[in-house]
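Reader: I would like to learn how to read helix packing and charge pairs from coordinates. Can we work through a case together?

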Amino acid sequence: MAGRPDCWRDSEVPGEGCDAPARAVFLLGFMGSGKSTVGHALSRQLEWRFEDLDERIQAREGRSIAEIFRDSGEVGFRQAEHRALRELVEERPPSSPVVVALGGGAFVQAENAALLKAAGALTVFLDAPVDELWRRCQNEDEPDERPLRRDERQFRQLYEARRSRYMNALLRLDTAGKDVESIAAEIIASLRLQFKLPQKDLGEEK
Ligand code: S3P
């Protein structure tokens with residue numbers, strides 16, 4: 001029997017377990033890991049759509065991330081994050097293939113990881129030494145936009161607490177010392193992603 005034409009990817013082994021080419025990639029990792037920057041580069045290289053989960057949360061809620069944390073606490077933010085991710089996942093088959101940048105805590109939440117696993121999503125952990133992540137987060141114009149980027153000690157503790165969850169991603173990439181375009185190219189090669197998918201694979205014929 002032919003594989004499931006509507007799946008994003010349902011195998012641990014890229015290219016196996018699903019006849020249809022992958023149509024979504026989810027980038028995850030700690031604050032400062034470059035999820036959005038690499039995501040934009042990846043979407044440009046693939047000519048796929050780009051989506052930032054934090055942007056979707058803010059649009060749905062009509063509030064900035066900082067405002068959600070301030071008014072509803074982290075619990076409220078996680079609920080909004082889960083709703084936004086579920087909505088995104090349920091949009092499949094997407095009209096066009098998509099690269100998604102998750103927020104730093106999204107994949108750490110068991111229900112979000114389960115949702116992505118059940119959808120057969122390709123997940124990529126962008127890793128870097130915590131010193132490097134902290135340094136990258138210092139050079140920001142709007143530090144208030146990351147409510148969980150507190151002092152350096154808490155930043156390191158949170159990274160250590162989360163790392164084992166990030167390791168559950170299908171692919172882990174070391175990003176230290178690499179430029180954004182070559183990280184994107186490495187993701188494409190490792191996951192054997194296809195450029196410009198044929199229309200029949202986009203579910204648009206139905
Ligand atoms: C968070 C990271 C942020 C944002 C929110 C919570 C986290 O996204 O989702 O502030 O829990 O690490 P970035 O990783 O894009 O900064």
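**Helix packing and salt bridges**

Author: This is a predicted model. Start with a pair of helices. The axes of helix H2 (residues 53–61) and helix H3 (residues 65–90) cross at roughly 110 degrees and come within 9 Å.

Reader: What describes two packed helices in general?

Author: The angle between their axes and the distance between the axes. Here the angle makes H2 roughly perpendicular to H3, because 65 to 115 degrees counts as roughly perpendicular.

Reader: Which residues make the contact?

Author: From H2, Leu53, Asp54, Arg56, Ile57, Gln58, Arg60 and Glu61 take part. From H3, the residues include Ile65, Ile68, Phe77, Leu85, Glu87 and Leu88.

Reader: How many nonpolar, polar and charged residues does the contact of H2 with H3 have?

Author: Nine are nonpolar, one is polar and seven are charged.

Reader: Now a single helix. Which residues of H5 are buried?

Author: Val130, Leu133, Trp134 and Cys137. Look down the axis of H5: the buried residues fall within an arc of 95 degrees, so they line one face of the helix.

Reader: What do the buried residues of H5 pack against?

Author: Helix H6 (152–166).

Reader: On to charges. When can side chains of opposite charge pair?

Author: When their charged atoms come close. The cut-off for a salt bridge is 4 Å, nitrogen to carboxyl oxygen. The structure holds 21 salt bridges.

Reader: Does H5 offer a case to work through?

Author: Take glutamate 132 and arginine 135. Their closest N and O atoms are 3.0 Å apart, in a salt bridge. The two are three residues apart in helix H5 (residues 130–138), so about one helical turn separates them. Arginine 135 is partly exposed, at 43% relative accessible area.

Reader: How far apart are the closest N and O atoms of aspartate 71 and arginine 63?

Author: They are 3.9 Å apart, and the pair forms a salt bridge. Aspartate 71 is partly exposed at 48% relative accessibility. Arginine 63 is partly exposed too, with a relative accessible area of 22%.

Reader: Which residue meets lysine 178 in a salt bridge?

Author: Glutamate 186, at 3.2 Å from N to O. Lysine 178 is partly exposed at 33% relative accessible area, and glutamate 186 is partly exposed at 28%.

Reader: Which residues do salt bridges that share partners join into one network?

Author: Arg49, Glu51, Arg56, Arg60, Glu87 and Glu91. Now return to the helix pair. Arg56 and Arg60 of H2 and Glu87 of H3 are among the residues that make the H2 and H3 contact.

Definitions and conventions
Residues numbered from 1 in each chain as written. Predicted model: local features only at pLDDT ≥ 70, side-chain atom pairs only at ≥ 80, totals over all residues. Heavy atoms only, no water. Salt bridge = Lys/Arg side-chain N within 4 Å of Asp/Glu carboxyl O. Buried < 20%, exposed > 50% of the residue type's maximum accessible area, 1.4 Å probe, protein only. Helix = DSSP H or I, 4+ residues; strand = E, 2+ residues; numbered from the N terminus. Arc of directions from axis to C-beta. Contact = heavy atoms within 4.5 Å. Axes fitted to C-alpha atoms, helices over the stretch in contact; angles between N-to-C directions. Parallel < 35°, antiparallel > 145°, perpendicular 65-115°, else oblique. Nonpolar A, V, L, I, M, F, W, Y, C, P; charged D, E, K, R; others polar.
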